[in-house]
Amino acid sequence: NLKTIMLENIQNTEFKQIIKLIQNTQNRVYATVNKELVLLNWEIGKNIVEFEQKGKERAEYGAETLKTLSKDLTKKYGKGFAVDNLELFRRIGFLG
């Protein structure tokens with residue numbers, strides 16, 4: 001395929017340093033995004049725990065809370081906020 005041949009030609013030229021810069025930057029971006037997503041999920045979980053407990057030692061557990069939150073977040077932000085995910089976030093939220 002022409003695209004593959006062109007890429008191989010570019011990689012075999014003096015542009016190797018540019019390619020390395022791009023790849024290194026992409027790797028740093030991926031790592032930063034992953035870190036921020038982990039922190040976001042932890043913060044979401046922490047907020048769920050605090051909301052459910054309302055200052056008490058233990059929560060008066062209600063699955064409807066997560067269903068409602070899941071529906072609202074999915075409507076506003078798309079995939080990634082299923083009830084199962086929110087339950088995982090909540091477990092992570094207990095860590096902090």
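Student: In which helix is the place of S70?
Tutor: The model in front of you is a predicted one, and its protein chain holds four helices and zero strands, so any named element here is a helix by the DSSP runs on which the numbering rests. The helix in which S70 has its place is α3.

Student: Does S70 count as buried or exposed?
Tutor: A residue is called buried when its relative accessible area is under 20%, and exposed when that area is over 50%. S70 has a relative accessibility of 9%, which is under the first cut-off, and therefore S70 counts as buried.

Student: Which backbone nitrogen does the side chain of S70 reach?
Tutor: Leaving aside neighbours within four places in sequence, S70 is in contact with F81, A82, V83 and L86. Among these residues, one also offers a backbone nitrogen that the side chain of S70 reaches at 3.5 Å, and that nitrogen belongs to V83.

Student: Is F81, one of the residues in contact with S70, buried or exposed?
Tutor: The relative accessible area of F81 is 13%. Because buried means under 20%, this value places F81 among the residues that are buried.

Student: What kind of aromatic pair do Y77 and F81 form?
Tutor: A pair of aromatic rings is described by the distance of the centres and the angle of the planes. A search of the whole structure finds one aromatic pair, and in that pair the rings of Y77 and F81 lie 6.3 Å apart from centre to centre, with 55° between the planes. Planes under 30 degrees apart would count as stacked and planes over 60 as edge-to-face, so the pair of Y77 and F81 is tilted.

Student: Is Y77 buried or exposed?
Tutor: The relative accessibility of Y77 is 53%. Since exposed means over 50%, Y77 counts as exposed.

Student: How many residues does the largest nonpolar core have?
Tutor: The largest nonpolar core consists of I44, I48, L66, L73, F81, L86 and F89, and α2, α3 and α4 each supply at least two residues of this core. Within it, I44 touches F81, L86 and F89, not counting residues up to four places away in sequence. The number of residues in this core is seven.

Student: How far apart are the end C-alpha atoms of α2?
Tutor: The helix α2 has 38 residues, and at 1.5 Å a residue it should span 56 Å. The distance between its end C-alpha atoms agrees with that expectation, because it is 55 Å.

Student: Which residue takes a positive phi just after α2?
Tutor: Residues 16–53 make up α2, and Q53 is one of its buried residues, as are E52 and V49. Just after this helix a phi of about 45° appears, and the residue that takes it is K54.

Student: Which backbone oxygen lies 3.0 Å from a polar atom of the side chain of N85?
Tutor: N85 lies in helix α4, and with a relative accessible area of 29% it is partly exposed. The backbone oxygen that lies 3.0 Å from a polar atom of its side chain is that of G80.

Student: What separates the C-alpha atoms of R91 and V49 in space?
Tutor: R91 has its place in helix α4 and is exposed, with a relative accessible area of 54%, whereas V49 is buried in α2. Although R91 and V49 are 42 residues apart along the chain, their C-alpha atoms are separated by 8.5 Å.

Definitions and conventions:
Residues numbered from 1 in each chain as written. Predicted model: local features only at pLDDT ≥ 70, side-chain atom pairs only at ≥ 80, totals over all residues. Heavy atoms only, no water. Core = buried A, V, L, I, M, F, W, Y, C linked by side-chain atoms within 4.5 Å. Buried < 20%, exposed > 50% of the residue type's maximum accessible area, 1.4 Å probe, protein only. Contact = heavy atoms within 4.5 Å. Expected span 1.5 Å × (residues − 1). Phe/Tyr/Trp six-rings, centres within 6.5 Å; stacked < 30°, edge-to-face > 60°. Polar contact = N/O pair within 3.5 Å; in protein donor to acceptor, adjacent residues only side chain to side chain.
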